[in-house]
Each structure stands twice: as structure tokens, then as C-alpha cells.
Amino acid sequence: MNAEIIAVGSELLLGQIANTNAQFISERLAEVGVNVFYHTSVGDNPARLEEVIKHAEERADLLIFTGGLGPTKDDLTKETIARSLGVSLSMDEDAMDSIKAYFEKVGRVMTPNNEKQALILEGSVPLKNDFGMAPGMVFQQAGKAYILLPGPPSEMRPMFSTYGIPAVMNLMKRKEVIHSRVLRFFGIGESQLEADLEELIDRQTNPTIAPLAGDGEVTLRLTAKHESKDVAETLLNELESEIRGTVGEYLYGYDQDSLERVGFRLLKEKGLTLAAAESLTAGLFQSSLASIAGASSVLEGGVVCYQDSVKRNVLNVREETLKNQGAVSRECAIELAANVRSLFKTDIGISFTGVAGPEAQGDLPPGTVWIGIAAGEEEPKAYQLTLAGSRNGNRSRTVKYGWHYLVKECNE
């Protein structure tokens, strides 16, 4: 079964809201083996919506609409679909009773236009709205299926999960499962990852491999299709094992993982505490950790040491280091990491110093970065980066590299 998701609402085209409904519906459809080849957004215009319906009917078996089921004049989805399919609208008495009960409960007078929300396509199967007023519906005609869902995600998501997916399953003749797994990589570019996995990518059939780059990271979405979820899982395990054999050193997590969450979990599991000295990043690293619930079990504190005077007077960086090697140097990064660790009496100290940009700092071009890590009994380590990007882009990527090196440190 091939599906097209059609989001109705001028606010989508104006950029006032994001179309998160299409993403949610696509994910749920993939779980039950329905292919989604098109996402379409259209404004509150009957003529353009009718045109969209005609195009979708040519390329999809299942048309899923979100939005335009409300009480106002610009909510025209039901009326337009009814006209396009040559069917009438009828009152769903259960929905009407639910709407009346709501207004009685909140002590408000129900205006006549709210009755419009209880209208459904004649001959359709209503989908109950447990968190709102307008019901959804499933309608079939001439080998096509149409599912209408409300626009607000708080109503659409539970409706589609509870009632929509079972309806889709009933429509399907074959109930394959599409099972996906996202592998997350850092420290390798998309082109290099793809080159290293070229042989696997060229011979992919089932499972498939889809590379995606974004926000300084690279992901691979592995997708297996089979009637048995267990078999699909086995196929994914076998493919992941091959991928690990080639680029496993860059793999840090799965699905919704992030570098900071993986790093936090490792630190917490090992009972390690952390302190940070931040010049270039000015607290951005600590902020990324503090965004995670339970960060206090790991983070003791830190120092924003933007000025050399703070590096010298608070973190005891030697005057000769600042004078001879400079604040942006291997030596300064190591002293910052070791001294912040000592100051806060933590297991690990991490430091960030560099040139964010856009201007150079003496002979150092923008994007020159040093990250220091002091941990265990070994000598502190320092890692040099040469980044290319905007000022804040360099700062953000530096934080990610900090987590990358911490994850490596915890795994050694």
C-alpha cells in the first residue's frame, strides 16, 4: 500500500507552524509496512485542495489528510473532499453528543458553527476524538482509501495511534513490518562514511542504507522489511555488524541518542564527576550537560575563563604559558583541564580554548581550537581542531567534539 499525506492549512505555508504531523504519521505507517512517497501541504483553498486530491489519487492507494476539520469558515477539508468524491456529509450523532457534553461541562454556550465539527462523509467509519471535538473518519471509494484527521497534534497523534493504525491494518492485504534503526556517527564526514561503506551501499536490497548528514553529525538509517519483526531485527543486526567492522570507531549511539546524552550515561554509569574550564565556549558545554535531567550527579561546576586574567588568577594557568605559548595552545588547554579538575576535586577536567571568529587572533585563523582532558593517572591530553564555519557554529561543534573525546575517554 502506498500512501500520501496531505496537510491542510495556510499557516503551514506561511511558516507559522511546522508540519510535524506528517513526520509522525510517516513513522507509524512505516512500522506497519505502508510506503509513503509524498508529503503535500496545501492552504485553505478548495480549488487547490481539489487539485491536490486528484494528483494524490493518481499515485497513492491511501490518502491521509490532517487539518481543516474545525468549526470555522476556513476549515473546508471535509466539504472539499465530499465534493471531490461526489458524496454528502451527515451528522455523527455520537460526536455531536460528545461536543454538547463538553460545552455543558465547561459551562459555555455552544455556538451553531460547532455542529459542523460533527459532520462526516456519508458512508465513512468515524474515528473517535478522545482529546478534542472533531472526529476523524475512514472512507473507501473506487479502490482508494481516505483518512481524515484533525490538525492539532494533541488530537491527531492519539487518534491515529489508537484508531487510525488499526484501520490502516484492516485495509492492507499484506501486513509487512518495516523496522528501522538509526546509527549515529561523529568524527567522520558524510562523504568519507559513504566511501568507506560503498560496497555495502551498492549491494543493498533488504535492509537498505540511507546516509544523512546534519548538525555536525552523520547518521545511517537501516531499514528492513519483513512480515516477521524478529526476522527484520536479525537482518538489521547482521547489517550493523558489517558496518561496525568498517567504521565502528565512529559509532557512538542509536536512534534519538545525542553525544551529550551518551556521554552523561557513561559518566554516570562509571560514577565519574566532571568540571569544565570554558574560554571559547563560554559555558555552552556545561549548558548542554545541564539540559539533561540528573546532570547534578555528574557535573560539579566550572569556570568561564574568557579573559586571560581569569585563566591566570582563578585557574592558575602559568604566566609563561600565556606569554610564550598563548591562551590558544596545547599547553594552555592541558593546564586548564588539570587545574579545573583540581579546583573542583573531580574525576575529570575538560577545557575549551580557541578562536571562534570571525576575525583571526594574531597568527591563528578562526576555527583554531584546543580541547584538554585530564582524567585518571595518565598525563592530560589535548586535541587540536581546525574548524570552518560561523562563529557560533564553531562554538557548537567544539562542544560536540568535547563530548566525542569524553565518550572515547570513558570507553578506554
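Okay, let's start with a single residue, Ala282: its relative accessibility is 34%, so it counts as partly exposed. What you have in front of you is a predicted model, by the way. Ala282 sits in the loop between E13 and helix H11, residues 284-290. And it has a positive phi of about 50°, although it is not a glycine.

There are a few other backbone spots like that. Take Lys345, with a positive phi near 55°, again in a residue other than glycine. You'll find Lys345 in the loop between helix H14 (330-344) and E15. At 74% relative accessibility, Lys345 counts as exposed. Then there's Gly86, which follows H4 and has a positive phi near 70°. While we're at H4, residues 77-85, its buried residues are Thr77, Lys78, Thr80, Ile81, Ala82 and Leu85.

Now the sheets. Strands in a sheet pair through backbone hydrogen bonds, parallel or antiparallel.

So, which order do the strands take in the open sheet of 5? Reading across, that's E14-E13-E15-E16-E17, and the pairing is mixed. E14 and strand E17 (381-386) are the edge strands, each pairing on one side only. From one strand to the next, the twist averages 15°.

Let's walk through that sheet. E13, residues 274-278, is mostly covered, with 5 of its 5 residues buried. Leu274, Ala276 and Glu278 point one way from E13, Ala275 and Ala277 point the other way, and all are buried. E13 pairs with strand E14 (residues 299-304) in the parallel sense, over 5 bridges. Here Glu278 stands opposite Val304 in E14.

Further along, E15 (residues 348-354) and E16 (residues 368-375) run antiparallel and are joined by 7 bridges. One pair to look for is Ile348, which stands opposite Ala375 in E16. The loop between E15 and E16 holds Pro358, and the peptide bond joining Gly357 and Pro358 is cis, with omega about 5°.

On to the other sheet. This one is open too, with 4 strands in the order E10-E11-E9-E12 and antiparallel pairing. Its edge strands are E10 and strand E12 (251-254), each of which pairs on one side only. Neighbouring strands here are turned by 25° against each other on average, direction ignored.

Zoom in on E10 and E11. They run antiparallel, with 7 bridges between them. Thr208 has Thr223 in E11 as its bridge partner, and Ile209 stands opposite Leu222 in E11. The hairpin of these two strands has 2 residues between the strands, and Asp215 there takes a positive phi near 55°. Just ahead of this, Pro207 lies in the loop between helix H8 (198-202) and E10. The peptide bond from Asn206 to Pro207 is cis, with omega near 15°.

One more loop in this part: Gly248 is found between helix H9 (229-247) and E12. Gly248 is partly exposed, at a relative accessible area of 22%. How far apart are Gly248 and Phe185 in sequence and in space? They're 63 residues apart in sequence and 8.7 Å apart in space, C-alpha to C-alpha.

Next, the empty space. You roll a probe the size of a water molecule over the atoms, and that shows where empty space is left. The largest pocket holds about 900 Å³ of space. It is lined by 28 residues, and the closest to its centre are Glu27, Ala30, Ser180, Val182 and Arg221. The elements giving two or more residues to this lining are helix H2 (20-31), strand E2 (35-42), strand E9 (177-185), strand E10 (208-214) and strand E11 (217-226). Which of them gives the most? That's E9, with 6 residues. By class, the lining has 12 nonpolar, 8 polar and 8 charged residues.

Last topic, cysteines. How many disulfides does the count come to? It comes to 0. A disulfide here needs two cysteine sulfur atoms within 2.5 Å. The sulfur of Cys305 is 7.4 Å from the closest cysteine sulfur, the one in Cys332, so that's too far for a bond. Cys305 is buried, at 0% relative accessibility. Cys410 is buried as well, with a relative accessible area of 4%.

Definitions and conventions: Residues are numbered from 1 along each chain as its sequence is written. This is a predicted model: local features need pLDDT of at least 70, side-chain atom pairs count only at pLDDT 80 or more; totals for chains, interfaces and linings use all residues. Side-chain values use heavy atoms; hydrogens and water are left out. Buried means under 20% relative accessible area, exposed over 50%, partly exposed in between (1.4 Å probe, protein chains only). On a 1 Å grid over the protein atoms alone, a cavity is a set of points where a 1.4 Å probe fits but cannot get out, and a pocket is an open set with protein on both sides within 12 Å along at least five of seven lines; lining residues have an atom within 4 Å of a point. Grid points are joined across faces, edges and corners, and a volume is the space filled by probe spheres set on the points. Ala, Val, Leu, Ile, Met, Phe, Trp, Tyr, Cys and Pro count as nonpolar, Asp, Glu, Lys and Arg as charged, and the others, Gly among them, as polar. Two strands pair if DSSP finds at least two bridges between them. Axes are lines fitted to C-alpha atoms, for helices over the stretch in contact, and angles run from 0 to 180 degrees between N-to-C directions.
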